Amino acid sequence: MDLRVNIGGLTLANPVGVASGTFGYGDEYAGLFDIDRLGALYTKAVTPEARAGNRTPRLADTPAGMLNSIGLANPGLDSFITDKLPALRQRRCAVIVNVAGTCPEEYQAVVERLETVEGLAGYEINISCPNVKAGGLALGTDLKLVESLTRRLRDCRQRPERPLIVKLSPNVTDIAEIARAAEAGGADAVSCINTLVGMVIDVQKQRPVLAMGTGGLSGPAIRPVGVACVYKVSRAVGIPIIGLGGIGCLDDALQYFLAGASAIQIGTALFRRPECALEILDGLAPWLEANHLSSVTEIKRLLKV
Ligand SMILES: Cc1cc2nc3c(=O)[nH]c(=O)nc-3n(C[C@H](O)[C@H](O)[C@H](O)COP(=O)(O)O)c2cc1C
């Protein structure tokens with residue numbers, strides 16, 4: 001069974017990827033399962049300078065997921081290229097760099113520099129982080145900014161074979177409008193969704209559990225939101241959609257494919273069961289066969305609405 005999917009000109013061996021920020025750069029998971037079988041690995045966000053991230057505590061449990069306020073902690077662009085990229089280059093799966101910054105110039109600086117290095121398959125532009133004061137959501141909720149940032153990055157890109165994937169936030173009134181703005185700016189694909197703003201309060205201490213007050217909710221709790229977002233976006237744009245949010249098993253992934261996704265990512269579920277990524281991958285071909293389909297992109301045609 002051919003599980004290949006095309007994301008803006010990039011062919012992925014299969015549609016199963018691991019989500020930014022939940023997989024680091026792959027090293028910690030390398031002993032747990034065969035990462036090379038994945039279709040894509042989306043790195044932790046890379047910013048021009050190193051970032052320590054937000055104050056702790058920056059993780060909190062919720063009944064059906066978790067809340068994080070990591071704040072894009074990462075070693076910075078230089079260290080990414082020197083210390084992380086050599087191992088990532090050895091991967092057989094596509095390595096897609098999650099790019100972040102506090103202003104359009106910073107996003108551009110990251111993409112321009114990464115264009116000069118080998119071994120990367122594409123860029124996922126994170127305009128949807130709810131845990132930073134500048135950049136992140138401030139960019140991703142403004143239609144004009146989304147379009148102009150996407151165009152700016154598209155214009156500075158030297159390697160059109162590396163798709164520009166704009167990662168959308170569910171923390172907006174109409175995610176379809178934002179997706180259309182990204183498409184108008186020249187995005188090759190969109191991924192949706194990033195986390196939802198949430199808060200957990202410690203009743204004994206009468207203060208928020210997270211030092212920052214609020215954080216981003218991820219995990220099973222957000223899956224219906226993610227599926228609805230993919231469904232809405234698939235009716236608004238013609239570019240491929242990468243669906244994520246609360247995926248932990250084959251049925252979860254199939255909901256996203258039925259809603260219109262061409263590929264998926266698994267995030268929070270990896271913390272508890274890293275093996276679920278390959279379980280989902282291994283379940284796909286038998287499911288397609290049983291449903292008389294020859295490719296993943298045909299799944300969306302089955303949806304009855
Ligand atoms: C601890 C943590 C860190 C994250 N860091 C990033 C990040 O650096 N860049 C990004 O685009 N998304 C980041 N995310 C969001 C995930 O990539 C994903 O969009 C979200 O968690 C929903 O998917 P899930 O429910 O499968 O985890 C992070 C999520 C978590 C839980």
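Mentor: A residue is called buried if 20 or more other C-beta atoms lie within 10 Å of its own, and we shall need that cut-off while we look at this model, which is a predicted one.

Trainee: Why is Ala179 called buried?

Mentor: Ala179 has 26 other C-beta atoms within 10 Å, and the cut-off asks for 20 or more, so Ala179 is buried. This residue belongs to helix H5, which covers residues 175-184, and the buried residues of that helix are Ile175, Ile178, Ala179, Ala181, Ala182 and Glu183.

Trainee: What makes a residue a contact of Ala179, and which residues are in contact with Ala179 once its neighbours within four places are left aside?

Mentor: Contact requires C-beta atoms within 7 Å of each other, and, with those neighbours left aside, Leu168, Val190, Val233, Ala236 and Val237 are in contact with Ala179. As for the helix around it, the buried residues of H5 pack against helix H3 (136-140), helix H4 (143-156), strand S9 (164-167), strand S10 (189-192) and helix H6 (223-234). Just after H5 comes Gly186, whose phi is positive, at about 105 degrees.

Trainee: What makes strand S8 count as mostly covered?

Mentor: Five of the five residues in S8 are buried. On one side these are Gly122, Glu124 and Asn126, and on the other they are Tyr123 and Ile125, so that both faces of the strand are covered, each of these residues meeting the cut-off of 20 or more C-beta atoms within 10 Å. Helix H2 (residues 104-114) lies across S8 (122-126) and strand S7 (94-99), and runs at about 155 degrees to S7.

Trainee: How do you know that S7 and S8 are paired, and in which sense do they run?

Mentor: Two strands pair if there are at least two bridges between them; S7 and S8 are joined by four bridges, so they count as a pair, and they run parallel. Within this pair, Asn98 has Glu124 in S8 as its bridge partner.

Trainee: Why are strands S15 and S16 also called a pair?

Mentor: Strand S15 (residues 241-243) and strand S16 (residues 263-266) share two bridges, and at least two are required, so the condition is met. The sense is parallel, and Ile242 stands opposite Ala263 in S16.

Trainee: What makes the larger arrangement a barrel, and in what order do its strands come?

Mentor: Eight strands close into it, in the order S3-S4-S7-S8-S9-S10-S15-S16, with parallel pairing. Neighbouring strands there are turned by 25 degrees against each other on average, with direction ignored.

Trainee: How do you know which strands are the edges of the open sheet with the order S5-S6-S14-S11?

Mentor: That sheet has four strands and antiparallel pairing, and its edge strands, S5 (59-62) and S11 (196-198), each pair on one side only. From one strand to the next the twist averages 35 degrees.

Trainee: Why do S11 and S14 count as a pair?

Mentor: They are joined by three bridges, where at least two are needed, so S11 and strand S14 (residues 215-218) pair; they run antiparallel, and Leu196 has Leu217 as its bridge partner in S14.

Trainee: What makes the shell around the ligand what it is, by class of residue?

Mentor: The shell has ten nonpolar, 14 polar and two charged residues. Of the 26 residues around the ligand, Gly21, Ala45, Ser218, Gly267 and Thr268 come nearest.

Conventions
Residues numbered from 1 in each chain as written. Predicted model: local features only at pLDDT ≥ 70, side-chain atom pairs only at ≥ 80, totals over all residues. Axes fitted to C-alpha atoms, helices over the stretch in contact; angles between N-to-C directions. Near = placed C-beta within 6 Å. Nonpolar A, V, L, I, M, F, W, Y, C, P; charged D, E, K, R; others polar. Buried ≥ 20, exposed ≤ 12 C-beta atoms within 10 Å, placed from the backbone. Contact = placed C-beta atoms within 7 Å.
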